[in-house]
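Work through the exercises below with the model open beside you. Try each task before reading its solution.

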Amino acid sequence: MGFCRSVDLPTEKIALEIKILWMEHTLSLIRNLAKTPLFTSIDRLEDELVARSDVVHANKQSPERFEIIRENLKRSSGGPPGKLLPVMLPTLYGIRKSLRSIMDNPTIPKKEGSAELFKQIESYALKLGASSIGYTMVPACWVFQEKAIVFENAIMLSMEMDKARIDTAPSIPCQKTVMETYRDLGKITNRIAAWLRKQGYGAQAGHPLMGQALYPPLAQMAGLGWMGLNGIIITPEHGPRVRLAAVYTSVENLPFSDQNEHAWVVDYCKQCKICIRKCPPGALYGEPMDHGNGQMTYIENRLCFPYFSDYYGCSVCVKVCPFNHLPYEKIKSTFEAKIPSATNHQY
Ligand code: SF4
Ligand code: SF4
């Protein structure tokens, strides 16, 4: 055992004291994150965007954004906040960049894109690490209350989360892969927006975390997949094991999807319901609530969020979904053999 001469304490004890102090400092930093200049500048930039008259605002039917980071910080329980800080900070910087860079848009942005431009966007997005890409117009009803977007034309993106770590849900490694995907997909949206600006187009990166619009219905409209009973989009590439983001752009003639071949997933979900049975706090509705205006609610937030917050972002409903384990086409062909008419749905 070594000793520190000046205070006459064993060096191991001093090392432990330093470790405890560092952990307390990190915890306090995390708990006060919502009051830091980084967080307040994100709020200010969002407010400035809403104050503009030339943007797409929410309407009366628009959903409210669930402030997941703030609510998590308020609860301050569960999870490994110190360990997540190195992933959380660059994610927050990415969110701020997505809002700040709107001011870099050309004064009079180009509105017409060519087939070559769309090919370039797609190969750039996939090269950067996106899993799939689609296009949709954004109706005001999917813009969050008190938020706004600059353009109503959206490039929708999905990005895979690491399967091995999601399969450990709920766990620290699982929570880490969720946060890392937010960070990395956020970087991709910022880079695509910057690239579009260089070509003379206007763009707004819609960050996957704290975005300005509700992504799952937009991703469905863009043909990236179909909503499962777990309230998550089921994609052919990785099932529900993805995060979503958008890049809003001045390009008005994007190759928008007019049909979606994944609607059969609705029927598959009806006879599956594994996620509903396995959700630890029983937060998933067996029958989603239909609000009659195109909006559906799949999850009872009051039950999901406390568990989500206490158990590392949960993600059990992603882990247990058959589309996380088996190839989409295999599930589809087996289901088709069982119920031949089920996969004819197209919307
Ligand atoms: S995240 Fe967890 S608690 Fe929330 S709906 Fe999914 S399984 Fe249930
Ligand atoms: S677990 Fe089953 S019911 Fe739930 S989303 Fe996946 S396929 Fe649908």
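**Exercise 1. Pair the strands.**
How many bridges join β4 and β6, and in which sense do the strands pair?

Solution. β4 and β6 pair over six bridges, in the antiparallel sense. Two strands pair when DSSP finds at least two bridges between them. Helices (H or I, at least four residues) and strands (E, at least two) are DSSP runs, numbered from the N terminus. One position to look up is G134, which stands opposite M156 in β6.

Before going on, note the conventions. The model is predicted, so local features need pLDDT of at least 70 and side-chain atom pairs count only at pLDDT 80 or more, while totals for chains, interfaces and linings use all residues. Residues are numbered from 1 along each chain as its sequence is written, and chains are lettered from A and ligands numbered from 1 in the order in which they are written.

**Exercise 2. Build the sheet.**
Find the strand order of the open four-strand sheet, then its edges.

Solution. Step one: the order is β4-β6-β10-β7, with antiparallel pairing. Step two: β4 (132-137) and β7 (203-206) are the edge strands, each pairing on one side only. Step three: neighbouring strands are turned by 20° against each other on average, direction ignored. Step four: helix α7 (residues 172-198) packs on this sheet. α7 touches β6, β7 and β10, and its direction makes about 20° with that of β10. Contact here means C-beta atoms, placed from the backbone, within 7 Å. Axes are lines fitted to C-alpha atoms, for helices over the stretch in contact, and angles run from 0 to 180 degrees between N-to-C directions.

Now take the other partner of β6. Strands β6 (residues 153-160) and β10 (residues 242-249) pair in the antiparallel sense over eight bridges. T249 is the bridge partner of N153. I155 stands opposite V247.

**Exercise 3. Test the burial of β6.**
How many residues of β6 are buried?

Solution. Eight of the eight are buried, so β6 is largely enclosed by the rest of the structure. Buried means 20 or more other C-beta atoms within 10 Å of the residue's own; 12 or fewer means exposed, and partly exposed lies in between. In a regular strand the side chains alternate between the two faces of the sheet. Check each face of β6. One side holds N153, I155, L157 and M159, all buried. The other holds A154, M156, S158 and E160, also all buried.

**Exercise 4. Locate the core.**
Which residues have the most contacts inside the largest nonpolar core?

Solution. They are I155, M156, L157, L218 and A246, in a core of 82 residues. Such a core is a set of buried Ala, Val, Leu, Ile, Met, Phe, Trp, Tyr and Cys residues joined through C-beta atoms within 7 Å. α7 gives the most to this core, with nine residues. Next, list what A246 touches, leaving out residues up to four places away in sequence: A154, I155, M156, G206, G211, A213, Y215 and L218.

**Exercise 5. Find the unusual backbone.**
Where is the cis peptide bond, and which residues other than glycine have a positive phi?

Solution. Most residues other than glycine have a negative phi, and most peptide bonds are trans. The cis bond joins A169 and P170, with omega about -5°. P170 lies in the loop between α6 (163-166) and α7. M210 has phi near 60° and sits in the loop between β7 and α8 (215-221). Y312 has phi near 50° and sits in the loop between α11 (301-310) and α12 (316-319). M210 counts as buried because 24 other C-beta atoms lie within 10 Å. Y312 is buried too, with 21 C-beta neighbours inside 10 Å.

**Exercise 6. Describe the ligand shells.**
Which residues are closest to ligand 1 and to ligand 2?

Solution. Start with ligand 1. Among its 13 surrounding residues, C279, C304, C314, V316 and C317 are the closest. A residue is near a molecule if its C-beta atom, placed from the backbone, lies within 6 Å of it. α11 supplies the largest share of this shell, three residues.

Ligand 2 is also surrounded by 13 residues, and G228, C269, C272, C275 and C321 are the closest. α9 (265-272), α10 (274-278) and α13 (322-325) each supply at least two residues.

Conventions
Contact = placed C-beta atoms within 7 Å.
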